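Reader: I'm new to this one and would like a relaxed tour. Can you show me what we're talking about?

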Amino acid sequence: MQPSIQKRTSRSILTKGSGFLNGYSHTLNPYAGCAFGCSYCYVRRMPIALFREEDWGEWVDIKENAVDLVKKEIPKARKKGEVSIFMSSSTDPYQPIEFKTNLTRRLLEAMVEEMPDFLFLQTRSPLVTRDIDLLKKFGKKVLVSMTVETDLDSVRKIFAPSAPPIAARLKALQTLRANGIPVQAAVAPLLPCSEHFPKKLAEVTDRLTLDDFFMGDGSGGKRTEQLGIRKLFEDAGLEDWYQRKAYLKIKKRLQAFFPDSAIYISQEGFSPPEEGSY
Ligand code: SF4
């Protein structure tokens with residue numbers, strides 16, 4: 001189903017970093033809404049989604065003045081201190097409408113001119129590789145974090161059927177890394193996976209973050225319960241994976257392929273990285 005698309009004018013585009021993202025001075029969402037509509041998306045429970053008539057995943061607002069706002073707001077924010085931006089916290093900046101609008105690309109162009117001190121680019125879309133030319137200009141001031149919750153596309157289809165296929169995300173990580181763009185795989189939230197997952201990740205990234213529904217939903221797993229995710233696990237006969245300690249098993253497997261210093265857990269993997277750590 002195609003989402004309903006609307007253009008909107010925003011009053012501002014940089015939002016103060018808070019909660020899980022309090023290590024950032026700002027978050028930046030080029031869109032409101034997200035066509036990937038992942039079942040476990042915590043934004044489903046936020047006012048922005050609850051007060052809409054359409055279901056989450058069925059609407060997207062384009063913030064059409066976002067580029068003008070960024071050009072104004074970054075220099076203003078810089079006067080108050082370091083500008084570190086998390087893009088994006090409640091949408092995917094490379095969701096399908098981005099093919100048409102180029103909004104995220106235009107934001108990157110603006111940021112090349114008004115470079116933030118650090119940009120964390122969170123996506124699960126291979127479309128990010130389109131912007132390698134711009135990302136190169138950020139040097140070490142950018143980290144592209146690609147969500148890869150599992151290596152099993154059959155599992156991805158249960159939990160996030162409208163999100164890009166896993167193989168394409170792994171390939172995108174490989175392409176970004178080959179072009180010298182700092183990357184990590186975000187195994188977040190961890191979904192049931194095969195024993196080959198760590199090896200597949202090691203082939204495309206040197207750094208990863210592991211998170212699950214209990215550590216990462218900001219409420220100790222309560223939000224995830226409210227979203228009915230337990231039932232998806234149960235219906236698929238995968239309930240053994242819906243456990244607080246399931247991630248430890250995967251962490252151990254990952255340690256066979258990555259040094260401990262390359263494995264980040266939950267919030268630390270989404271915080272601005274320390275200099276020299278990647
Ligand atoms: S891609 Fe991110 S913002 Fe979009 S639905 Fe999935 S979890 Fe939510």
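Reader: How far is the charged end of arginine 207 from the centre of the ring of tyrosine 264?

Author: First, the ground rules: this is a predicted model, where local features need pLDDT of at least 70, side-chain atom pairs count only at pLDDT 80 or more, and totals for chains, interfaces and linings use all residues. Residues are numbered from 1 along each chain as its sequence is written, and side-chain values use heavy atoms, with hydrogens and water left out. A charge sits over a ring if NZ of Lys or CZ of Arg is within 6 Å of the ring centre and within 35 degrees of the ring normal. Arginine 207 does sit over tyrosine 264, and its charged end is from the ring centre 4.0 Å.

Reader: Which strands stand at the edges of the open sheet?

Author: Strands here are DSSP runs (E, at least two residues), helices are runs of H or I with at least four, and both are numbered from the N terminus; two strands pair if DSSP finds at least two bridges between them. The open sheet has 3 strands in the order β1-β5-β4, with mixed pairing. Each edge strand has a single partner, so one side of it is left without a neighbour in the sheet; these strands are β1 (4-8) and β4 (31-32).

Reader: Which residue in β5 does tyrosine 31 stand opposite?

Author: β4 and β5 (residues 59-63) run antiparallel and are joined by 2 bridges. Across from tyrosine 31, in β5, stands isoleucine 62.

Reader: Within what arc do the buried residues of α12 fall?

Author: Buried means under 20% relative accessible area, exposed over 50%, and partly exposed in between (1.4 Å probe, protein chains only). In α12 (residues 246-255), the buried ones are Ala246, Tyr247, Ile250 and Leu254. The arc is that of the directions from the helix axis to the C-beta atoms. These residues line one face of the helix because, seen down its axis, they fall within an arc of 90 degrees.

Reader: Are phenylalanine 86 and phenylalanine 120 stacked or edge-to-face?

Author: Rings of Phe, Tyr and Trp (its six-membered ring) pair if their centres lie within 6.5 Å; planes under 30 degrees apart count as stacked, over 60 as edge-to-face and the rest as tilted. By this rule there are 12 aromatic pairs. Phenylalanine 86 and phenylalanine 120 have ring centres 4.9 Å apart and planes at 10 degrees, so the pair is stacked.

Reader: What is the relative accessible area of phenylalanine 120?

Author: Phenylalanine 86, in strand β6, is partnered with phenylalanine 120, in strand β7. Phenylalanine 120 is buried, with a relative accessible area of 0%.
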